[in-house]
2 protein chains.
Amino acid sequence: MAVYTDVTAEDLAQFLADYDLGDLLSYKGIAEGVENSNFVLHTRAGSFILTLYEKRVAEKDLPFFLTLMEYLAARGITCPQPVKNKKGGVLGRVAGRPAAIVTFLDGLWVRRPNPGHCAAVGEALARLHRVGSDFPLQRVNALSIASWRALYEQVKDRSDDVRPGLGTEIAYELDALENEWPRDLPSGIIHADLFPDNVFFLGDTLSGLIDFYFACTDMLAYDVAICLNAWCFESDHSYNVTKGRALLRAYEKVRGLSQSEHRALPILARGAAVRFLLTRLVDWLAVPDGALVKPKDPLEYYRKLRFHQSVRSAANYGFAS
Amino acid sequence: MAVYTDVTAEDLAQFLADYDLGDLLSYKGIAEGVENSNFVLHTRAGSFILTLYEKRVAEKDLPFFLTLMEYLAARGITCPQPVKNKKGGVLGRVAGRPAAIVTFLDGLWVRRPNPGHCAAVGEALARLHRVGSDFPLQRVNALSIASWRALYEQVKDRSDDVRPGLGTEIAYELDALENEWPRDLPSGIIHADLFPDNVFFLGDTLSGLIDFYFACTDMLAYDVAICLNAWCFESDHSYNVTKGRALLRAYEKVRGLSQSEHRALPILARGAAVRFLLTRLVDWLAVPDGALVKPKDPLEYYRKLRFHQSVRSAANYGFAS
């Protein structure tokens, strides 16, 4: 849960004077997002989300994220749409922080996805990849394989406190990933963080995608691998091939994966597991003893990694062989 | 900020099946209230607040609080109104916790109240006291003078870590309060926690009172003393007599204070300062070093107490002498 910056009614009124949203009726900090401070606003014009970008999001990247959301929303991908101020801009400042207002999306996120939800996510991801293919801006993936060794260096001395031998296992895996990582797969805009809490449903229908603040330019199949990690494991960390098959089939109905992408899926899935294992380890080890905020369990991704290491071919993920 | 209990869409859908609020469109945990978990709900019927009562609120007291809100709302005090389920009840369970839905109140809380805001609060408090006078239920004030010594016992060994000599000063003050505390002043329903974050304004107009979870039966003038503490000090902890006069005059236009209440105001204000000093000390000393959640500064109320100890008569608070 996250509200890092206190916003006064006076701060907000001053900011809203630049918008055509009518009087401010209420605003409440919400316990959503771990990178930014988020507020639900009610104004005469309706409900909106105000986001204050905190220090983990680079200010220079904000035009990329906001332009991308506008671009996708204009092309049928339901996602929060940046609201323009009277000067036509979408970025301002509140309480000293860069800030933007986006439209409020109805929908609920699903704690226990079923194969139907996985299929809906697969389809939405493929549509995002197709629509994003002509997006004119690029952003390097700041959490790609090139960054993992630096993250590992931050945690290696203490990762054995989390699980004995973990440091050595990650070191071996990093060596393997750096040797085998694919280079020539189709690239484009990826969401890079399409976890269940970033996908809204109304009933069984997917109603929108949120949180594009990790979006970047990278291999499309890597985004698929992230989703397999995020959506297709059970709470006992076993892989559910029925969910995997549902996600992949629905994806391929919109955008077919090439033979090279099929072949690369196991290594991409290992890489995705390592990426979340490492960032969660950094967060886990950064939290002081006794703190009230509990970070996400890094070992969830260690167990997923172990599964991916056991995979012999993409067929294990649910592709028709 | 507070969301102590995670609520799944499935939990909530099951709970809402007992209500006539239409489909659930979204819900978000909000960073408001320190005792309970609160969520903004959007349903086809509009916006609501869902509260899950956490362990600091006694379940046996919930009918008192909810009945009081209904009673006040029906008599022109704008406050959240409990929403009845299909069986006519207002209390249910979500995720194992007692839970209620109340109407959503528009409005913003004021960080830097001016004398106009103080007058509006004085008037609203007096109206609350008048309307509450016929409320049929009673609730003992669990944080009245009878409880302060027990709170002091919890913190006395470490209060000097917060400020040298603080423990001794509180001990002397408690002795004095126990000797001089008034007994025969008019009693009735008091809010007991009417701080700026519990009073909403739209523009300069007070739009509602929230958070009745400390409400109880106690001396009405004690509630006035709490408000003087909460609304009429500057950030440098000096008392602003203009704000005090505005609050008291507006209060007395609706409900006159007796001579005995006037005379008792300085001792009641000292008591109110001690009550918040003690509960803040308990919270302050309970938080582990390095925790991310910072409790409110107890010494703010030590400084206010020092002011009240210097007061010679109620005239110092802004009454016409």
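Guide: Before we start, a residue is called buried if 20 or more other C-beta atoms lie within 10 Å of its own, exposed if 12 or fewer, and partly exposed in between, with C-beta atoms placed from the backbone. Residues are numbered from 1 along each chain as its sequence is written, while chains are lettered from A and ligands numbered from 1 in the order in which they are written. You're looking at a predicted model, where local features need pLDDT of at least 70, side-chain atom pairs count only at pLDDT 80 or more, and totals for chains, interfaces and linings use all residues.

Visitor: Is B:Gly167 buried or partly exposed?
Guide: B:Gly167 sits in helix α6 (residues 166-180) of chain B; helices (H or I, at least four residues) and strands (E, at least two) are DSSP runs, numbered from the N terminus. There are 18 other C-beta atoms within 10 Å, so B:Gly167 counts as partly exposed.

Visitor: Which residues is B:Gly167 in contact with, leaving aside its neighbours within four places in sequence?
Guide: Contact means that the C-beta atoms of two residues, placed from the backbone, lie within 7 Å. One partner is B:Lys156, eleven residues away in sequence but 5.3 Å away in space, C-alpha to C-alpha. The full list is B:Lys156, B:Ser159 and B:Asp160.

Visitor: What is the mean pLDDT of chain A?
Guide: pLDDT is the predictor's confidence in each residue, from 0 to 100. In chain A, 96% of the residues reach 70 or more, and the mean is 93.

Visitor: How do the residues divide on the side of domain 1 of chain A that touches domain 2 of chain A?
Guide: Chain A splits into domain 1 (9-103) and domain 2 (115-317), with bounds from an automatic or database domain assignment. The contact takes 16 residues from domain 1 of chain A and 15 residues from domain 2 of chain A. Ala, Val, Leu, Ile, Met, Phe, Trp, Tyr, Cys and Pro count as nonpolar, Asp, Glu, Lys and Arg as charged, and the others, Gly among them, as polar. On the domain 1 side of chain A, that gives ten nonpolar, three polar and three charged.

Visitor: Within what arc do the buried residues of α10(A) fall?
Guide: Helix α10 (residues 299-310) of chain A has buried residues A:Tyr301, A:Tyr302, A:Lys304, A:Leu305 and A:His308. They line one face of the helix, because, seen down the axis of α10(A), they fall within an arc (of the directions from the helix axis to the C-beta atoms) of 165°.

Visitor: And what do those buried residues of α10(A) pack against?
Guide: The partners are helices of chain A. They are α6 (166-180), α7 (220-231) and α9 (259-286).

Visitor: How far apart are the end C-alpha atoms of helix α3 of chain B?
Guide: The expected span of a helix is 1.5 Å times one less than its number of residues. For the 18 residues of α3 (residues 115-132) of chain B, that comes to 26 Å. The model agrees, with the ends apart by 25 Å.

Visitor: Which residue in the loop between β6 and β7 of chain A has a positive phi?
Guide: Most residues other than glycine have a negative phi. The one here is buried, with 22 other C-beta atoms within 10 Å. Its phi is near 75°, and the residue is A:Ala192.

Visitor: What is phi of B:Asp211 near?
Guide: B:Asp211 lies in the loop between β8 (205-209) and β9 (216-219) of chain B. B:Asp211 is buried, with 23 other C-beta atoms within 10 Å. Its phi is positive too, near 60°.
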